Number of protein chains: 2
Amino acid sequence: MTQPHTTETPFELPAGFRFAGATGGIKASGKPDVSLIVSDRPCVAAAVTTTNQVFAAPVTLCRERSPRATCRAVITNSGNANACTGKQGDADAREMGRLVAEQLGCDGEDVFVMSTGVIGHPMPMDKVRAGIESAFGQLGDRFEHFLAANDAICTTDAYRKNAAAEFSFDGKTYRIAAMCKGAGMIAPNMATMLGVVVTDFPLSDGQASTALKRIVERSFNRVSVDGHMSTNDTVILMSGGDAQSLASDEGMNVFVDAASEACLRLAKLIVADGEGAARFFEVEVTGAQSDDDALVIAKSVAASPLVKTAISGADPNWGRIVSAAGYAGPKIDVAHTSLTIEGTIVFESGQPVACDAAKLSNAMKAASEVKLSLAVGHGIGYGHYWSSDLTVDYVRFNALYTT
Amino acid sequence: MTQPHTTETPFELPAGFRFAGATGGIKASGKPDVSLIVSDRPCVAAAVTTTNQVFAAPVTLCRERSPRATCRAVITNSGNANACTGKQGDADAREMGRLVAEQLGCDGEDVFVMSTGVIGHPMPMDKVRAGIESAFGQLGDRFEHFLAANDAICTTDAYRKNAAAEFSFDGKTYRIAAMCKGAGMIAPNMATMLGVVVTDFPLSDGQASTALKRIVERSFNRVSVDGHMSTNDTVILMSGGDAQSLASDEGMNVFVDAASEACLRLAKLIVADGEGAARFFEVEVTGAQSDDDALVIAKSVAASPLVKTAISGADPNWGRIVSAAGYAGPKIDVAHTSLTIEGTIVFESGQPVACDAAKLSNAMKAASEVKLSLAVGHGIGYGHYWSSDLTVDYVRFNALYTT
């Protein structure tokens with residue numbers, strides 16, 4: 001498969017944060033399973049969480065606590081999702097926050113909590129406790145500490161995922177560092193998507209909340225996985241900037257652009273890390289009646305199992321692509337619908353165009369990212385989605401997951 | 001896989017119809033590809049067609065002509081979908097109707113047309129013409145003629161699909177005979193779903209239209225395939241009953257019940273004939289706020305690739321099922337959500353229930369149809385869907401389809 005672009009070149013971290021990854025023994029594999037990010041002083045934090053009605057205990061906490069101007073830490077465990085665990089699960093999630101707060105001398109409410117792993121098993125709190133204790137002994141502000149925290153949130157990930165950005169505003173330079181976990185075919189049991197974005201750009205709690213929604217909409221919400229919204233999906237933004245100089249609207253825009261770009265890199269790494277995925281593709285839709293319509297159409301194509309299997313076979317099966325646009329919902333103008341695959345036009349103004357299918361198939365095989373460009377009329381709507389193919393390995397992997 | 005229940009026991013056909021299947025050479029395989037059903041006198045006909053905005057030329061004709069009180073025939077070809085074929089495609093579809101009408105001495109508008117096969121290729125009209133001519137030479141009213149017509153609509157079907165029903169109303173006995181083609185994972189290129197229901201029960205054109213919508217809603221719309229609505233999907237109802245004695249509301253209900261039961265058998269045969277499908281499952285949802293909500297939830301579970309792969313692996317992975325209900329959309333009451341798989345309760349009132357997973361997996365393997373029963377609250381809403389699993393063979397089949 002296309003080699004994922006994992007960022008192993010160290011980058012500068014925003015000042016004011018310390019990181020640690022530790023092993024509490026929650027994962028049977030003995031791999032790191034407790035990740036801790038501490039802000040040296042109270043910072044602003046906001047969370048965006050899953051829209052699934054079945055959500056994990058830590059999601060409840062993040063919702064209650066977001067946005068918050070006095071956040072001190074994010075504690076994450078992997079290996080157990082603390083989902084469908086009832087009242088004991090709620091108590092355990094709160095206890096995780098309390099254990100961290102105790103060490104920091106802050107309120108339990110000032111700690112955000114995330115979990116990822118198997119659903120429906122009680123949290124092994126002794127192991128969580130041991131992991132948190134160990135993590136506090138390893139906190140540091142260097143890149144290696146960031147990577148340790150990054151590793152400890154992973155589950156089925158084939159590689160860790162992080163990205164950074166730097167930008168200037170009003171004569172000052174600001175930094176963004178982001179990490180996430182998740183694999184293309186997001187499974188609710190273990191392949192939940194979790195992300196943390198830390199920055200030294202100053203935001204109010206309200207601004208952080210607004211900014212994070214915009215960032216997620218432009219990055220993680222642009223990748224199509226299998227439509228299965230996890231019980232635990234959460235992204236947290238921590239802003240440790242000087243609260244005396246809050247961002248202007250213009251500053252917000254600059255920050256959101258930079259953070260969205262970093263998060264889109266992460267989102268694409270998630271897609272490329274699909275469990276069993278082998279080929280990556282982008283669906284670009286133009287000419288829709290609105291950007292919203294374009295996105296819905298792009299997502300419909302990107303999520304179609306028949307399109308995904310065609311991409312897997314490097315099959316320029318344009319009928320499936322045009323048809324997936326046709327059932328997406330938004331109005332399309334079929335007589336002005338055209339499609340190019342890897343730059344080769346195969347359907348133009350509602351009519352098939354003869355092309356060398358074997359040659360095009362080879363071009364699809366050679367592409368690091370297969371591009372499908374679909375024009376659905378003369379509207380101004382534009383949108384794109386990224387997705388991975390559906391392979392025999394995906395089915396094999398997911399068929400034999402818990403048993 | 002579970003042996004599909006193909007109906008090879010001859011059944012009595014409603015009087016007044018003749019059937020033929022012929023080979024025009026549209027399919028490279030040389031298998032039958034032209035199917036003709038003729039009503040001896042003008043009959044009532046109605047069609048339900050795909051909601052895809054990209055639809056084939058014959059779909060346009062069926063929409064224009066439905067409902068109709070003077071229908072004489074349904075002509076269907078397999079091997080070419082006549083979709084995305086522009087104005088020539090429209091002319092070709094009309095020509096198919098005209099050729100049949102010419103033989104019958106009726107108006108071209110009195111003929112309904114269906115096509116299924118590859119998208120985007122011009123219709124080989126010489127072959128279609130030869131097939132129609134040949135079909136007229138083979139028309140007959142015996143079961144073998146019905147089967148010949150049935151065979152000629154098939155494409156990737158592993159077996160032909162038909163069902164019959166007989167019912168009494170007002171002291172008279174009426175008959176329904178139905179045939180369809182389509183395979184579980186409905187692909188827009190060839191595995192379009194087509195169906196024809198013929199009956200001697202008397203209906204007006206308006207009644208036929210209403211009845212068919214109700215029948216399709218209770219049968220073909222209850223099976224979850226891969227969400228890919230084909231460009232050609234069409235179901236046609238032909239009623240050749242004595243137009244002097246139109247059905248009462250009570251008669252309509254009796255007819256719709258009987259026809260829905262026959263069509264649900266066909267729908268389940270389509271699911272079981274999934275391209276590469278190996279295991280069949282039913283999702284039953286109770287306790288939703290309305291029947292509509294229950295259906296949406298059942299469909300969300302039935303369509304989830306992660307649920308489908310879990311069924312493929314006989315994996316009692318209840319987290320995926322509950323989670324798919326959680327993101328379906330309609331309100332669920334998680335604290336009163338329970339799930340049984342093959343009669344074993346695995347999740348009760350929002351809490352996991354310990355069970356012998358290996359034993360349950362064996363029960364799933366042994367079941368001819370795995371049953372998932374999901375209660376999502378205390379509402380009165382009830383609904384169910386049927387689906388097939390997602391297997392390695394499905395991906396293999398669909399990845400290498402046109403090239």
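This report covers the domains, annotated sites and two helix environments of chain A.

The model is predicted: local features need pLDDT of at least 70, side-chain atom pairs count only at pLDDT 80 or more, and totals for chains, interfaces and linings use all residues. Residues are numbered from 1 along each chain as its sequence is written, chains are lettered from A and ligands numbered from 1 in written order, and side-chain values use heavy atoms, with hydrogens and water left out.

**Domains**

Chain A splits into domain 1 (17-272) and domain 2 (280-399). These bounds come from an automatic or database domain assignment. The C-alpha centres of the two domains lie 33 Å apart.

**Annotated sites**

An unreviewed UniProt entry supplies the annotations. Its "binding site" covers Thr155(A), Lys181(A), Thr192(A), Glu275(A), Asn398(A) and Thr403(A). Its "active site" covers Thr192(A). Positions follow the numbering used here, feature names are shortened, and annotations may be inferred rather than shown by experiment.

Two of these residues are placed below. Buried means under 20% relative accessible area, exposed over 50%, partly exposed in between (1.4 Å probe, protein chains only). Helices (H or I, at least four residues) and strands (E, at least two) are DSSP runs, numbered from the N terminus.

| Residue | Loop in chain A | Relative accessibility |
|---|---|---|
| Thr155(A) | between helix 4 (143-152) and strand 5 (161-169) | 18%, buried |
| Thr192(A) | between strand 6 (172-181) and strand 7 (194-199) | 0%, buried |

**Helix 1 and its neighbours**

Two packed helices are described by the angle between their axes and the distance between the axes. The axes of helix 1 (residues 57-65) and helix 2 (residues 86-104) of chain A come within 8 Å and cross at roughly 55°. That makes helix 1 of chain A oblique to helix 2 of chain A. Axes are lines fitted to C-alpha atoms, for helices over the stretch in contact, and angles run from 0 to 180 degrees between N-to-C directions. Under 35 degrees is roughly parallel, over 145 roughly antiparallel, 65 to 115 roughly perpendicular, and the rest oblique.

Contact means heavy atoms within 4.5 Å. On helix 1 of chain A, the residues meeting helix 2 include Ala57(A), Leu61(A) and Arg65(A). Their partners in helix 2 include Gly89(A) and Ala93(A).

The buried residues of helix 1 are Ala57(A), Pro58(A), Val59(A), Leu61(A), Cys62(A) and Arg65(A). They pack against strand 2 (34-49), strand 3 (68-80), helix 2, strand 4 (111-118) and strand 9 (234-239) of chain A.

**Helix 9**

Nine of the nine residues of helix 9 (residues 318-326) of chain A are buried, so helix 9 is largely enclosed by the rest of the structure. Among them are Trp318(A), Arg320(A) and Ile321(A).
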